[in-house]
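Biologist: Thanks for sitting down with me over this one. Could you put it on the screen, and then we can go through it together?

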Amino acid sequence: MRKRRVLAGGRRWLPALVLGAACGAYAAPPSDALGWLQRAMDAARDSSYAGVFVHTNGDRISTVRVTHLNSNGDEHERIEALDGPRYEIVRRNDEMFCYYPDAKTIRLDRRVNARFFPSLFRAPAAVIAQSYDVKLGSLEHVLGYECRWIVLEPRDSERFAQRLCSETGTGLVVREKTFGLHGQMIEQYTFADLKLGPHIPRRDVKSIFEARVKQWITDAKPREEAKGVDTGWEVEKLPAGFREVTELRRTLPGRPHPVSQLIFSDGLASLSVFVEPNAAPTRTTESSSEDGTTTFFARPMGDELVTVLGEVPLATAEEVAASVGHRP
Amino acid sequence: MTQEISALMDGELEGREAEAALSACCGDEDRKRTWYLYHAIGEAMRGQAPARLAMPANVFEKLRQQATVVAPRMRLRPAAVTRVALAAAASVATVGVVGWLGSQGGNPAPVPVVASKTTDQAIQPVSSTTIVPAPALSVQEYLVAHRQIPSPDLYRPVTNTAPAVAR
């Protein structure tokens with residue numbers, strides 16, 4: 001049975017949903033786990049902080065500097081990669097300016113599914129609690145701060161377990177761990193250095209690369225694409241708890257036409273479904289890979305190639321890929 | 001004893017230890033086979049054909065039993081489905097390498113490769129695994145789109161040169 005959907009319909013979560021009640025970041029710690037979770041979510045948006053975090057996902061490690069300032073309800077953020085090719089993202093709310101100095105290019109994009117630690121949430125705590133059993137864990141001393149573990153156990157095998165350590169004073173998440181189906185840690189974000197606001201200088205959230213290049217090339221196409229379209233595709237049987245965030249057509253390298261992309265989230269984990277022509281040489285076999293939380297599964301479907309990529313177990317990705325069809 | 005042979009090969013033993021291991025390595029047939037076997041595994045991992053060593057016949061049999069350790073990422077898959085599996089760097093010889101972006105940080109890390117292979121041979125020494133040539137899928141491209149990570153690949157030529165201002 002297929003359900004008819006309207007593009008801006010009620011089953012979708014708009015990013016605005018996450019911008020719910022903007023209070024409580026500095027309030028006293030709540031007594032219940034859900035309250036802690038919501039407070040952690042609010043703190044990532046409403047508080048000001050500056051630090052360097054280390055992200056370990058599978059075999060890959062990256063170090064990132066993040067500076068975040070909330071001024072009059074607007075988020076200003078600067079993210080800089082400290083390893084590998086240089087880039088920075090200057091973000092104001094959902095508007096992203098990605099500076100890539102080596103290519104002298106600024107890429108304009110709109111935040112659709114980008115995760116900027118410690119802002120990891122895509123839905124209110126109550127929605128996340130439908131898919132995860134949320135409990136409070138122990139207190140820990142991290143980076144000179146005291147933080148409380150929030151334990152999220154999945155209610156089924158469609159997603160991974162997570163733990164967040166929420167600083168007791170502000171609620172900000174200072175460490176996050178994701179565990180595989182056998183309980184092994186597969187991903188970790190952790191601040192290596194952290195200064196909590198409120199005194200974060202405004203200049204620290206502005207681009208430092210902008211002045212280094214005389215003539216930037218501006219690529220505004222990603223922002224256009226991020227507005228979203230009706231792709232004509234749907235996932236008929238979504239795993240419990242997952243909702244569509246948006247759908248759009250993205251330009252991927254080496255392809256003559258944009259690729260359809262449908263993005264789903266359970267509030268914490270997300271996955272993208274890509275549908276594109278199965279161009280010659282036609283792929284006839286299924287493909288999969290797993291590294292850390294990044295799971296990849298590709299499946300030929302008639303003249304199309306369906307690819308699922310997300311922070312979900314492989315079985316979930318396979319289940320979703322098997323259920324892609326034309327929207328009636 | 002096998003540990004000593006292994007250490008000897010790696011140049012970790014000195015003086016008397018080395019002498020002892022050396023004499024031991026040729027002392028009996030079992031140890032001689034181990035010596036050959038370790039060399040053969042080393043050769044295979046470096047992508048060379050172990051056959052160039054004059055080995056006792058049963059070494060190949062032992063190699064067949066042991067060599068899966070050089071491809072620790074290969075996963076046993078249900079039969080009848082052809083899959084692409086992550087393969088260890090040691091077995092790269094055959095396939096299109098897929099660059100892999102480093103998560104939110106976006107570092108191109110040296111990594112996983114997508115190899116297409118038939119699954120009834122899922123556990124076999126690398127040297128004899130049949131790799132079906134298939135166009136490599138770049139996981140990175142999809143990851144970049146999923147996470148909206150800045151990537152050189154995404155900086156396609158554009159004609160618009162109006163300055164962008166981030167405030």
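Biologist: Let me start with a small detail: which residue in strand 5 of chain A stands opposite Ile89(A)?

Modeller: Happy to, and please keep in mind that this is a predicted model. Strand 4 and strand 5 (residues 95-100) of chain A pair in the antiparallel sense, over five bridges. They form a hairpin with two residues between them, and Asn93(A) in the turn has a positive phi of about 50 degrees. Across this pairing, the residue opposite Ile89(A) is Cys98(A).

Biologist: And on the strand 3 side, which residue stands opposite Arg91(A) of strand 4 in chain A?

Modeller: Strand 3 (residues 74-81) and strand 4 (residues 88-92) of chain A run antiparallel and are joined by five bridges. Within that pairing, Arg78(A) stands opposite Val90(A). Opposite Arg91(A) you find Glu77(A).

Biologist: Which residue takes a positive phi in the hairpin of strand 3 and strand 4 of chain A?

Modeller: This hairpin has six residues between its strands. The positive phi, near 70 degrees, belongs to Gly84(A).

Biologist: Is strand 4 of chain A mostly covered or mostly uncovered, and how many of its residues are buried?

Modeller: Burial here takes 20 or more other C-beta atoms within 10 Å of a residue's own. By that test strand 4 of chain A is mostly covered, and the buried count is four of its five residues.

Biologist: Now the wider sheet: which are the edge strands?

Modeller: The sheet is open, with 12 strands of chain A in the order 7-8-9-10-11-1-2-3-4-5-6-12 and mixed pairing. Each edge strand pairs on one side only, and the two are strand 7 (132-142) and strand 12 (217-219) of chain A. On average, with direction ignored, neighbouring strands are turned against each other by 20 degrees.

Biologist: What angle does the direction of helix 2 of chain A make with that of strand 7?

Modeller: Helix 2 of chain A packs on the sheet, touching strands that include strand 2 (60-71), strand 8 (145-154) and strand 9 (161-167). Strand 7 of chain A is also among those it touches, and the angle between the two directions is about 65 degrees.

Biologist: Which helix gives the most to the largest nonpolar core?

Modeller: In soluble globular proteins, nonpolar side chains tend to be buried together. Here the largest such core has 83 residues, and those with the most contacts inside it include Leu37(A), Ala40(A), Cys98(A) and Val308(A). The top contributor, with six residues, is helix 2 (residues 33-46) of chain A.

Biologist: You mentioned Val308(A); which residues of helix 5 of chain A are buried, and why do they line one face?

Modeller: Seen down the axis of helix 5 of chain A, the buried residues fall within an arc of 135 degrees, so they line one face. They pack against several strands of chain A, among them strand 16 (270-277) and strand 19 (304-310). Val308(A) touches Ala317(A), Val320(A) and Ala321(A), as well as residues including Leu271(A) and Phe297(A). The buried residues of helix 5 are Thr316(A), Ala317(A), Val320(A) and Ala321(A).

Biologist: Finally, what share of chain B counts as buried?

Modeller: Chain B has five helices and four strands, running α-α-α-α-β-β-β-β-α from the N terminus. For chain A, with 328 residues, the buried share is 47%. For chain B, with 167 residues, the share is 36%.

Terms used
Residues numbered from 1 in each chain as written. Chains lettered and ligands numbered in written order. Predicted model: local features only at pLDDT ≥ 70, side-chain atom pairs only at ≥ 80, totals over all residues. Buried ≥ 20, exposed ≤ 12 C-beta atoms within 10 Å, placed from the backbone. Arc of directions from axis to C-beta. Contact = placed C-beta atoms within 7 Å. Core = buried A, V, L, I, M, F, W, Y, C linked by C-beta atoms within 7 Å. Pairing = 2+ DSSP bridges. Axes fitted to C-alpha atoms, helices over the stretch in contact; angles between N-to-C directions. Lists of a residue's contacts leave out its neighbours within four places in sequence.
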